[in-house]
Amino acid sequence: SREIYVIPTVNPDGSEHDIEGGQYQGWRKNRQGQGTDLNRNWGYKWGCCGGSSGDPASETYRGDAGFSAPETAAVRDFVNSRVVDGEQQITGHIDVHTYGELVRWPFGHTTDEVTEDMTREQAQRFQNVGREMADSNGYTPQQSSDLYVTDGDVNGWMWGEHRILSFTFEMYPASGGGLDGFYPDDEDIGPQTERNDEAVDILLREAGA
């Protein structure tokens, strides 16, 4: 009873650059100029609150403007296209990152739970669903800003613009030394993906609520 869309990677050029030459380079941005951090380039609260950098050399460079990166603009256009007769058809969303074993929800730009775009009841729903998913996969549940402040991030835009129940999973491992946390062994992919089956089912349930 659900229609599921999967985007395998939002940063294909950056991902290819990261592995060319036969070893990981720890590259997180796209390949636009010196690179844009795609999870600081979304239009909602873009550059508002000290959670990104205006320096093109920074790892958290937010770009020239919200959606200045072609990758975020492409996903935005797809999500916007799912508004049918004034109603957004996408009701749930998970962004998959590494690492830290966290379930995170909006907002990242503020430590406040209640804002002009988040009622107390809505914040409670995010907390309840996030904690239930974390109970199923053993992750730590938290509002995004509990880790650090980010502005222009995907979860903020999904909820702030479209009221999509949007979470980020920071996957295995819980911690890592240097780059190791970002590049777990390929043997871990299967079991660590399966570890999240129940959590995804929970969001699928909530998508129809």
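This is a short tutorial dialogue on reading features of a predicted model.

Me: Let's begin with burial. How should I read it, and is W159 buried or exposed?

Reply: The general idea is a cut-off: a residue counts as buried when its relative accessible area is under 20%, and as exposed when that area is over 50%. W159 has a relative accessible area of 6%, so it is buried. You will find W159 in helix α4, which spans residues 154-162.

Me: Which residues does W159 touch, leaving out those up to four places away in sequence?

Reply: Its contacts are P106, F107, D117, M118, Q122, F126, I164 and L165. For a sense of how the chain folds back here, take G92: W159 and G92 are 67 residues apart in sequence, but 9.5 Å separates their C-alpha atoms in space.

Me: And how many of the nine residues of α4 are buried?

Reply: Eight of the nine are buried, so α4 is largely enclosed by the rest of the structure. The buried ones are V154, N155, G156, W157, M158, W159, G160 and H162. As for what covers them, the list includes helices α2 (70-81) and α3, along with strands β1 (83-84), β2 (87-88), β3 (92-98) and β6.

Me: Now a residue outside the helices. Where is N11, and what does it touch?

Reply: N11 sits in the segment before α1 (12-19). Its relative accessible area is 11%, so N11 is buried. Setting aside residues up to four places away in sequence, N11 touches R28, K29, N30, L38 and E71.

Me: Let's move to salt bridges. How do I recognise one, and how many does the structure hold?

Reply: Look for a side-chain nitrogen of Lys or Arg within 4 Å of a carboxyl oxygen of Asp or Glu. The structure holds eleven salt bridges. A good one to start with is E170 with R104, where the closest N and O atoms are 2.9 Å apart. E170 belongs to strand β6 (residues 165-171) and R104 to strand β4 (residues 102-105), so this pair ties together parts that are 66 residues apart in sequence.

Me: Are E170 and R104 buried or exposed?

Reply: E170 counts as buried, at 5% relative accessibility. R104 is buried too, with a relative accessible area of 6%.

Me: Which residues are linked in a network of salt bridges?

Reply: The network links R125, E132, R205 and E206. Within it, the side chains of R125 and E206 meet at 3.1 Å, N to O. That pair links distant parts of the chain, with R125 in helix α3 (residues 120-137) and E206 in helix α6, 81 residues apart. E206 also forms a salt bridge with R205, the closest N and O atoms being 2.8 Å apart.

Me: What are the accessibilities of R125, R205 and E206?

Reply: R125 is partly exposed at 30% relative accessibility. R205 is partly exposed as well, with a relative accessible area of 38%. E206 is buried, at 14%.

Me: What about charge on the surface? Which residues gather in a patch of negative charge?

Reply: For a patch, look for like charges on accessible residues that have no salt bridge. Here E194, D197, E198 and D201 gather in a negative patch on the surface. Helix α6 (residues 197-207) gives the most to this patch, with three residues. E198 has its place in α6, and E198 is partly exposed, with a relative accessible area of 48%.

Me: Last topic: the backbone. What should I look for there?

Reply: Most residues other than glycine have a negative phi, and most peptide bonds are trans, so look for the exceptions.

Me: Which peptide bonds are cis?

Reply: One joins P106 and F107, with omega about 10 degrees. F107 lies in the loop between β4 and α3. Another runs from Y172 to P173, with omega near 0 degrees, and P173 is in the loop between β6 and α5 (189-194).

Me: And where do I find a positive phi in a residue other than glycine?

Reply: D85 has a positive phi of about 50 degrees. D85 is in the loop between β1 and β2, and at 81% relative accessibility it counts as exposed. R163 has a phi near 55 degrees. R163 is in the loop between α4 and β6, and it is partly exposed, with a relative accessible area of 36%.

How values were computed: Residues numbered from 1 in each chain as written. Predicted model: local features only at pLDDT ≥ 70, side-chain atom pairs only at ≥ 80, totals over all residues. Heavy atoms only, no water. Patch = residues over 30% accessible without salt bridge, like charges linked within 9 Å, V, L, I, M, F, W, Y side chains within 5 Å. Areas by Shrake-Rupley, 256 points an atom, 1.4 Å probe, with all protein chains shown as cover. Lys, Arg positive; Asp, Glu negative; His and termini not counted. Charge placed at Lys NZ, Arg CZ, Asp CG, Glu CD. Helix = DSSP H or I, 4+ residues; strand = E, 2+ residues; numbered from the N terminus. Buried < 20%, exposed > 50% of the residue type's maximum accessible area, 1.4 Å probe, protein only. Contact = heavy atoms within 4.5 Å.
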